[in-house]
Amino acid sequence: MRHTLVAVTTAVAFFLGCAANQAYAERQPRMRDALVHLEKALAELKSARADKGGHRVKAIGLTEQAIGAVRDGIQFDNQH
């Protein structure tokens, strides 16, 4: 009986651990989607022709800042 109880407890703990990991991985789908879109936008900006009066360069910098902010937000949420 004791071995059965230990086995059941272990199985339940394993199942709950897997469920928690799945929830952890999917906690921030919108932030992760935003990150993908920002990274695509950055790639497009970098591949655009350079003659934009400095606006393209400014947009690249701002997009890089936004990517950093989104990553920081994801990291913050994962730690709390």
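The following exchange discusses how the terms applied to this predicted model are justified.

Colleague: How many helices and strands does the protein chain have, and in what order do the elements run?

Modeller: The protein chain has 3 helices and 0 strands. From the N terminus on, the order is α-α-α.

Colleague: How do you know where in the protein chain confidence is lowest and where it is highest?

Modeller: The mean pLDDT of each element shows it: α1 has the lowest, at 50, and α2 the highest, at 97. Over residues 19-23 the pLDDT is below 50, and this stretch has 0 contacts in the model beyond near neighbours in sequence. For the protein chain as a whole the average is 81, with 68% of the residues scoring at least 70.

Colleague: What makes the length of α3 agree with its number of residues?

Modeller: Helix α3 has 25 residues, and the expected span is 1.5 Å times one less than that number. The result is 36 Å, and the end C-alpha atoms are 36 Å apart, so the two values agree.

Colleague: Which residues of α3 are buried?

Modeller: They are Arg56, Ile60, Thr63, Ile67, Val70, Ile74 and Asn78. On helices in general, an α-helix has 3.6 residues a turn, so residues three or four places apart point the same way. In the protein chain of 80 residues, buried residues make up 12%.

Colleague: Why is Gln28 called buried?

Modeller: Its relative accessible area is 8%, and the term applies under 20%. Gln28 therefore counts as buried. This residue is found in the loop between α1 (2-25) and α2 (29-47). Leaving aside neighbours within four places in sequence, Gln28 is in contact with Gly73, Ile74, Asp77 and Asn78.

Colleague: What makes the pair of Asp77 and Arg27 a salt bridge?

Modeller: The closest N and O atoms of Asp77 and Arg27 are 3.1 Å apart, and the cut-off is 4 Å. The pair therefore qualifies as a salt bridge. Asp77 lies in helix α3 and Arg27 in the loop between α1 and α2, so the pair ties together parts that are 50 residues apart in sequence.

Colleague: Why are Asp77 and Arg27 called partly exposed?

Modeller: Asp77 has a relative accessibility of 29% and Arg27 one of 36%. Partly exposed covers the range between under 20% and over 50%, so the term fits both values.

Colleague: How do you know that Glu64 forms a salt bridge with Lys46?

Modeller: The closest N and O atoms of Glu64 and Lys46 are 3.6 Å apart, within the 4 Å required. Glu64 lies in helix α3 and Lys46 in helix α2, so this pair ties together parts that are 18 residues apart in sequence. Glu64, at 39% relative accessibility, counts as partly exposed, and so does Lys46, at 48%.

Colleague: Why is Asp51 called exposed but Lys52 partly exposed?

Modeller: Asp51 has a relative accessibility of 53%, and exposed means over 50%. Lys52 has 36%, and therefore counts as partly exposed. Lys52 and Asp51 form a salt bridge, their closest N and O atoms being 3.6 Å apart. Together with Arg49, these residues are linked in a network of salt bridges. The structure holds 5 salt bridges.

Colleague: How do you know that Arg56 has no salt bridge?

Modeller: The nearest side chain of opposite charge is that of Asp51, 7.1 Å away, whereas a salt bridge must fall within 4 Å. Arg56 is nevertheless buried. The side chain of Arg56 reaches the backbone oxygen of Leu45 at 3.0 Å. Beyond neighbours within four places in sequence, Arg56 is in contact with Leu45, Lys46, Ala48, Arg49 and Ala50. Arg56 itself is found in helix α3 (residues 55-79).

Colleague: What makes Gly61 partly exposed, and where is this residue placed?

Modeller: Gly61 is placed in helix α3. Its relative accessibility is 27%, so the residue counts as partly exposed. The C-alpha atoms of Gly61 and Leu42 are separated by 9.1 Å, although the two residues are 19 residues apart along the chain.

Key: Residues numbered from 1 in each chain as written. Heavy atoms only, no water. Helix = DSSP H or I, 4+ residues; strand = E, 2+ residues; numbered from the N terminus. Buried < 20%, exposed > 50% of the residue type's maximum accessible area, 1.4 Å probe, protein only. Contact = heavy atoms within 4.5 Å. pLDDT = per-residue confidence, 0-100. Lys, Arg positive; Asp, Glu negative; His and termini not counted. Polar contact = N/O pair within 3.5 Å; in protein donor to acceptor, adjacent residues only side chain to side chain.
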